[in-house]
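The following exercises concern the packing of helices, the pairing of strands and the contacts of aromatic rings. Each task is followed by a worked solution.

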Amino acid sequence: MALPSVLAAFGVDASRLLREFRLSTSAFGDPENRIAYSTVGRIFGRCVEATSCEHFGLLVGERAGISSLGAVGYLAQSAPNVRTALHSLQRLYHIADGGGTITLDHHGGSVSFGYAIVEPDVPNTEQLIAAAVAIGFNILRALCGPQWHPTDVHFALAAPPAAARVRTAFHVAPRFDQERSGITFPARWLARPPPGADPILHRMMRERVAELLAGASDDDDIVGRVRRQLRTMVTAPRWSIAASAEQAGLNVRTFKRRLAARGTTFLQLRDEARYDTACHLLQRTRMPVGEVASILGYAECSSFTRAFWRWAGMGPAEWRSRRNLHATPHARRGRRR
């Protein structure tokens, strides 16, 4: 929703640029409007090109917040506590964003609130992730209040040329080349009520979300749910079909049958998630291949290499060498200017 105003700040005619994608600025005025995720990626790339700003996605994220999630955002804002709000966002985020998913990890006295891209082959993922993490920062500030501050911000991306600008956005030194993208903060904030906690509004928003879920049931099928689930759990080596079926509320036999009816299997979807994650980490970070293998649950780098050969027809090192880590076409043109 903030994209047209950021373009305007650079003196770029948003209406003209968006016409290239057969869209008008009015499409960005309603949080319940949906635009294909791959199209959003292409729009971000075009915006980087038009503005010569390689941190364009970050600027969009800084101007967006929890209200940009529509009914899901208002449901979270009116929740009785931050824990309930974040779990609602994690469970229902696909209503607002069909191409990404929220991750929520607890470790000791800390919580990590993050974002992962689910849809494969999306262009300009570094812009989308930067925007999403910045929006996540604004969401947490809205839920916890102005006294809240993160303890860590981490990106599954290589450090960009504008790394100093990223630090300004989050008030902490960000860490790059990480397994996941997200924001870590003390778990004590989870028990606090959001400033907008309101049981009546919360009940109204639950009803509105139920309507949206009913309308989206055809799109949000079992395959989509499992893809989101696996994208957040693919780095857990013990994640099994039984665990996946349990999360879907099905027994294993029914789970297999439902996936087969959609022309796929759990193992195919898990391989897809592993491959997508591997490609992202190889292309967008400087992680050694052995570290990527370990993150994906491979005990030996050779096992990962064999799997990657099966997926891509070449080894991970060769695949990485064929892609320039920093210079996407948009970035190269921007630097020449």
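**Exercise 1.** Is the crossing of α6 and α7 right-handed or left-handed? Describe the contact of these helices as well.

*Solution.* The model is a predicted one. Two packed helices are described by the angle between their axes and the distance between the axes.

Step 1. The axes of α6 and α7 come within 10 Å of each other and cross at roughly 150°.

Step 2. The crossing of α6 and α7 is right-handed.

Step 3. On the side of α6, the residues in contact are V82, A85, L86 and L89, and on the side of α7 they are I139, L140, L143 and C144. Sorted by class, the contact of α6 with α7 has eight nonpolar residues, no polar residues and no charged residues.

**Exercise 2.** Determine how α4 is oriented relative to α7, and classify the residues where the two helices meet.

*Solution.* Step 1. Helix α4 covers residues 56-63 and helix α7 covers residues 125-144; their axes come within 7 Å and cross at roughly 25°.

Step 2. Angles under 35 degrees count as roughly parallel. Therefore α4 is roughly parallel to α7.

Step 3. The crossing of α4 and α7 is right-handed.

Step 4. From α4, the residues F56, G57, L58, G61 and E62 meet Q127, A130, A131, A134, I135 and N138 of α7. The residues of this contact divide into six nonpolar, four polar and one charged.

**Exercise 3.** Determine how α3 is oriented relative to α4, and examine the aromatic pair that links the two helices.

*Solution.* Step 1. The axes of α3 and α4 come within 9 Å and cross at roughly 110°.

Step 2. Angles from 65 to 115 degrees count as roughly perpendicular. Therefore α3 is roughly perpendicular to α4.

Step 3. Helix α3 contributes F44, C47, V48 and T51 to the contact, while α4 contributes F56, G57 and V60. By class, the contact of α3 with α4 has five nonpolar, two polar and no charged residues.

Step 4. A pair of aromatic rings is described by the distance of the centres and the angle of the planes. The model has 15 aromatic pairs. For F44 and F56, the ring centres are 6.1 Å apart and the planes stand at 80°, so this pair is edge-to-face. F44 lies in helix α3 (residues 37-51) and F56 in helix α4, twelve residues apart, and the pair links distant parts of the chain.

**Exercise 4.** In what order do the four strands form the open sheet? Identify the edge strands and selected bridge partners too.

*Solution.* Step 1. The order of the strands in the open sheet is β1-β2-β4-β3, with antiparallel pairing.

Step 2. The edge strands are β1 (100-107) and β3 (152-154), each of which pairs on one side only. From one strand to the next, the twist averages 15°.

Step 3. Eight bridges join β1 and β2 in the antiparallel sense. D105 has S112 in β2 as its bridge partner. The hairpin of β1 and β2 has two residues between the strands, and G108 takes a positive phi near 65° there.

Step 4. Three bridges join β3 and strand β4 (residues 181-186), again in the antiparallel sense. H154 has G182 in β4 as its bridge partner.

**Exercise 5.** Which strands does helix α6 lie across?

*Solution.* Helix α6 (residues 82-92) lies across β1, β2 (110-117) and β4. Its direction is at about 140° to β1.

Note on methods
Residues are numbered from 1 along each chain as its sequence is written. This is a predicted model: local features need pLDDT of at least 70, side-chain atom pairs count only at pLDDT 80 or more; totals for chains, interfaces and linings use all residues. Side-chain values use heavy atoms; hydrogens and water are left out. Axes are lines fitted to C-alpha atoms, for helices over the stretch in contact, and angles run from 0 to 180 degrees between N-to-C directions. Angles under 35 degrees count as roughly parallel, over 145 as roughly antiparallel, 65 to 115 as roughly perpendicular and the rest as oblique. A crossing is left-handed if the near helix is turned anticlockwise from the far one by less than a right angle, and right-handed if clockwise. Contact means heavy atoms within 4.5 Å. Ala, Val, Leu, Ile, Met, Phe, Trp, Tyr, Cys and Pro count as nonpolar, Asp, Glu, Lys and Arg as charged, and the others, Gly among them, as polar. Two strands pair if DSSP finds at least two bridges between them. Rings of Phe, Tyr and Trp (its six-membered ring) pair if their centres lie within 6.5 Å; planes under 30 degrees apart count as stacked, over 60 as edge-to-face and the rest as tilted.
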